[in-house]
Amino acid sequence: MAAGILSDRAIKALFDAGKLASGRPLDADQIQPASLDLRLGARAYRVRASFLPGPSARVEDKLARLSMHEIDLTAGAVLETGCVYIVPLLESLDLPQEISASANPKSSTGRLDIFTRVMTDHGQEFDKIAPGYTGPLWLEVSPRTFPIVARTGSRLSQIRFRQGHAVLDEDELSALHRTETLVASETPNVSGGGIALSIDLMGQGEDGLIGYRGKHHTAVIDVDKRGAQEVFDFWEPLYNRGSADLILDPDEFYILVSRESVHVPPLYAAEMTPFDPLVGEFRVHYAGFFDPGFGHSEAGGAGSRAVLEVRSHEVPFILEHGQIVGRLIYERMLERPAALYGTGAGSNYQAQGLKLSKHFRS
């Protein structure tokens, strides 16, 4: 049996076969080249703490004990920073035995510092869906920097389906880089099963903009409204003042950008993972999925950088220009998607440099 990531065609076929179901008709752009956006249901449950159901329980069973308050999302509701909410999703699964899945925050979700993780009944891991899983999906949502308005149908997370093990090993990755230039580096670092990305702290434009730091005590952000917010109401710009480094303060949220541009060829999908789990002082990139066609010149993506969502843990940490902060894992697609990233209306970050989420005015 061939191994690979399911394309948009195959995801639609799962719906047609009843292996994927939804509480209402799909949005026109909900199926992406190699993933499916997941939509919030009608209720959110404020809980005392994050949890996993474990092998002997359903999520609903745990909610009966841990829920503090039930919130109606049908007309939209504010989800506060520092709080944990559990939301049933509109989509549910009846996966074939050979199909597994994984989930990740959407790019816009990560850039707003909204922490999300998908749970399944009897699950022992977040964001991992076992082969053949049948049942509902639930989303843990915890805004970290900005309070948000969300509603039934809001799309904060995405799911990717796979058959077998399709991750490229280091030799395969090196060979693909030689033919397709996966990252714009003359000396690519291929290790740990991935190809490394480093941080750009030299700055962009005449003013040397290197990134943004989230402000505290802001107004709310409606996750479904594009271009509705002024940048400076929510972000403090950061500039290169002559030293190519940046001190990350604990409990602050930063938007930075990779030094290298990234390319995901049409027959592959990629995911950002931590470069080294032993580098535990900071976390980079909440939203890790890169669809086929990201950075692909034929899809209008030449020069696309990886935007990095960065938080320091517990102690201040110095990042230096060119420091490796993550690695890209590549997987084979089972087939070329019908539409590549960047060729549809739902592609917001093709050909991006240092870019905030779609919610802010240019």
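Accessible areas here come from the Shrake-Rupley method with a 1.4 Å probe, and for residues only the protein chains shown count as cover. This is a predicted model, in which local features need pLDDT of at least 70, side-chain atom pairs count only at pLDDT 80 or more, and totals for chains, interfaces and linings use all residues. Residues are numbered from 1 along each chain as its sequence is written, and side-chain values use heavy atoms, with hydrogens and water left out.

**Exercise 1. Find how much surface the protein exposes and what share of its residues is buried.**

Step 1: the exposed area is about 15200 Å², of which carbon and sulfur atoms supply 48%.

Step 2: a residue is buried under 20% relative accessible area, exposed over 50% and partly exposed in between (1.4 Å probe, protein chains only). By that rule, 56% of the 362 residues are buried.

**Exercise 2. Compare the radius of gyration with the rule for a compact globule.**

Step 1: take the radius over C-alpha atoms; the globule rule is 2.2 Å times the number of residues to the power 0.38.

Step 2: for 362 residues the rule gives a value near 21 Å, and the protein has 20 Å, which agrees.

Step 3: for the outline, the C-alpha atoms fill a box of roughly 55 × 50 × 40 Å along the principal axes.

**Exercise 3. Count the helices and strands, then see how far apart in sequence the contacts reach.**

Step 1: helices (H or I, at least four residues) and strands (E, at least two) are DSSP runs, numbered from the N terminus. The protein has four helices and 26 strands.

Step 2: a contact means heavy atoms within 4.5 Å. Among contacts with a separation of 6 or more, 81% join residues 24 or more positions apart.

**Exercise 4. Work through the aromatic pairs.**

Step 1: rings of Phe, Tyr and Trp (its six-membered ring) pair if their centres lie within 6.5 Å; planes under 30 degrees apart are stacked, over 60 edge-to-face, and the rest tilted. The whole structure holds eight such pairs.

Step 2: one of them is Trp235 with Phe253, tilted, at 6.1 Å centre to centre and 45° between the planes. Trp235 sits in strand E18 and Phe253 in strand E20, so the pair ties together parts 18 residues apart in sequence. Both Trp235 and Phe253 are buried.

Step 3: Phe294 and Tyr341 make another tilted pair, at 5.8 Å and 55°. Phe294 is buried at 5% relative accessible area, and Tyr341 is buried at 11%.

Step 4: ring pairs also link Trp235 and Phe253 into a cluster with Phe146, Tyr212, Phe234 and Phe360.
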